[in-house]
Amino acid sequence: MMKISARNILKGKIVAIKKGATTAHVQIDIGGAVVTASITNEAVDDLKLEVGEQAAAVIKSSDVMVAVAD
């Protein structure tokens with residue numbers, strides 16, 4: 001069991017991994033919405049991430065912004 005201090009943990013399933021030169025975009029479906037994380041290619045390899053695998057997007061931030069269309 002992993003413990004973490006972040007309060008915003010969105011559990012879901014990896015639906016895409018797109019590696020670039022140094023950074024990968026990992027897309028996690030969290031129940032109809034998709035969250036994209038930018039992490040290093042090395043992190044993808046170290047975590048052995050694969051499409052279809054269960055994963056969580058962990059969000060830790062001191063600021064949350066809200067936007068509306070005008």
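**Exercise 1.** Which strands each supply at least two residues of the lining of the second largest pocket?

*Solution.* Keep in mind that we're working with a predicted model.
- Start with the lining itself: Ile14, Val26, Ile28, Ala37, Ile39, Leu47, Leu49, Ala55, Ala56 and Ala57.
- Now map those residues onto the strands. β2 (23-29), β3 (34-40) and β4 each put in at least two.
- β4 gives the most, at three residues.
- Check the chemistry too: the lining splits into 10 nonpolar, no polar and no charged residues.
- As for the space inside, the volume comes to about 180 Å³.

**Exercise 2.** Work out which elements give two or more residues to the lining of the largest pocket, and sort that lining by residue class.

*Solution.*
- This pocket holds about 210 Å³ of space.
- Around it sit Met1, Met2, Ile4, Ile9, Lys11, Ala56 and Val58.
- The elements giving two or more of these are β1 (8-19) and β4 (54-59).
- By class, you get six nonpolar residues, no polar ones and one charged.
- Ala56 turns up here, and Ala56 is also in the lining of the second largest pocket.

**Exercise 3.** Lay out the sheet, and explain why one side of β3 and of β4 is left without a neighbour.

*Solution.*
- Write down the strand order: β3-β2-β1-β4, an open sheet of four strands with antiparallel pairing.
- β3 and β4 stand at the edges with a single partner strand each, so one side of each has no neighbour in the sheet.
- From one strand to the next, the twist averages 50 degrees.
- Then zoom in on β1 and β2, which pair antiparallel over six bridges.
- Finally, find Lys18: its opposite number in β2 is His25.

Conventions:
Residues numbered from 1 in each chain as written. Predicted model: local features only at pLDDT ≥ 70, side-chain atom pairs only at ≥ 80, totals over all residues. Heavy atoms only, no water. 1 Å grid on protein atoms, 1.4 Å probe; cavity = no way out; pocket = protein on both sides within 12 Å on 5 of 7 lines; lining within 4 Å. Points joined across faces, edges and corners; volume = space filled by probe spheres on them. Nonpolar A, V, L, I, M, F, W, Y, C, P; charged D, E, K, R; others polar. Pairing = 2+ DSSP bridges. Axes fitted to C-alpha atoms, helices over the stretch in contact; angles between N-to-C directions.
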